[in-house]
Amino acid sequence: MALLSVIRRWHLRDGMPIREIVRRTGLSRNTVRKYLSSDVVEPAYPARKTPSNLDNYDEILTGWLFRESRRHRKQRRTVKQLHRDLTGLGYTGSYDRVAAFARRWRQTQDEAKRLSSKHVYVPLQFAPGEAFQFDWSEDWVRINGVKTKLQIAHFKLSYSRAFYLRAYLTQTHEMLFDAHYHAFQAFGGVPQRGIYDNMKTAVDKIGRGKQRQINKRFYAMVGHYLFEPEFCNPASGWEKGQVEKAVLDARHGLWYDAPNFTSLPEVNRWLEQRCQLRWQETAHPEFRARSLAECLTDELPEMMPVPPAFDGFVEDTKRVSSTCLITHEHNRYSVPASFANRMVSLRIYPERLVIVAEAQVVAEHERVFNRDKRTQGRTIYNWRHYLTVVQRKPGALRNGAPFSTLPESFRLLQTKLLKRPGGDREMADILALVLLHDEALVEQAIVKALALGESSKEHVLNCLNRLEQPPRPQPLKPPPTLKLVTEPMANTARYDNLRRTQHEH
């Protein structure tokens, strides 16, 4: 290319004759004339092609390779079989030539597929109130000084790009259902569609194409909020790219200056405030002059009003032990003694556990999470569940683990009663009063009895009866016409006078 530039400059600019150029370069006259007559500035040499016995069969082999690529993997013919078929058509070359051709063809197809599918996308457009996108992520915060891993539910409206985050400790069904209700409340309505990936809490089985076997409880939630679920193709996160980007934005922005929290509800209150503040501060990526909050107002008329919260519990069957306990997630919870050694239903909510037996709610506990599976777990007692047991075994009051949670007045009375014979039976009878009377009144009666210095069952019953007496009626105010001129005197000595008079006669 440098020689071509010199030849053109000598002849066209300096006026050097072709004979002198030939003498200086050693090229032939025809070659110099060819360079000067053409307008080519950058010479290109034709691609070198080595003759091969496969040249006459390349179209046939290419067609066969296309045909085999569309068949199931187990039904495709191997390259050795294709070589044998070409030999039957008259091909006399080697197998290596056919294998190299097939390898180059596959590389070309893979490269074309990569360029056309993985790095080329169709821009999506959504109408107001049409859809929202959902995804989970994991993030770390400090709760009471302990670094805790949280599962974050991300919601993002596809039109306004308004987003909502809520934190949980797990990604189970009850957490998913609770997150939907709080998200719809924050947005002010329910869109027409929800776009998800193929998470296990929503999809039991992935079929061919868009066929999905949807989880029954998830489908019940969808039917309650009346929106249509839509699931992405496997390993195709770009189909809900808005919420995927929201996960990254939250990780690098929303959580950047997270403070130290005292509880999980405090985390969620902080998240909701942060989301609403970001709606006001963030400009819409398409409507630059408007914020996300302003675009959200366009969606509100198009969304359905939020119905009451879906009863999103997960039900499990548990057997109550002889110590009136059931086990859930390495922790134990007490159940009324009348259901010991029987089967009950456990309804699992995000923050509480409800025990149901005989179609009635028999117990309820605040849910406890044990993140360290190496430990034994915690035992959550309700001392009221064991009252029927201590009626038969009052001695269990002295060291019974459930009764360590008694109120302060109950424990003070128990300390005094257990110092005398029969005190355990007396204390068991006092505790049984909460089964028939208001517990707050029983506690007030115990406090009054202790204040009087009398710690006995009779005094507690006396104080309780006084507390439960109906209020005394107000004095009557008769009209002036019915007022007595001489009002009777309250003199109890008149009774003694009557007796004395009767005795004299």
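## A strand, a helix residue and a pocket

Along strand β7 (residues 228-231) the side chains take turns, with Pro-229 and Phe-231 pointing to one face and buried, while Glu-228 and Glu-230 point to the other face and are not buried. Here buried means under 20% relative accessible area, exposed means over 50%, and partly exposed lies in between (1.4 Å probe, protein chains only). This is a predicted model, in which local features need pLDDT of at least 70 and side-chain atom pairs count only at pLDDT 80 or more, while totals for chains, interfaces and linings use all residues. Residues are numbered from 1 along each chain as its sequence is written, and side-chain values use heavy atoms, with hydrogens and water left out.

**Strand pairing**
- Strand β4 (residues 193-196) pairs with β7 in the parallel sense over 4 bridges, where pairing requires that DSSP finds at least two bridges between two strands.
- The bridge partner of Arg-193 in β7 is Glu-228.
- Strands (E, at least two residues) and helices (H or I, at least four) are DSSP runs, numbered from the N terminus.

**Phe-66**
- Phe-66 lies in helix α4 (residues 58-69) and is partly exposed, with a relative accessible area of 33%.
- Not counting residues up to four places away in sequence, Phe-66 touches Trp-105 and Gln-109, contact being heavy atoms within 4.5 Å.
- Phe-66 and Trp-105 are 39 residues apart in sequence, and their C-alpha atoms are 9.5 Å apart in space.
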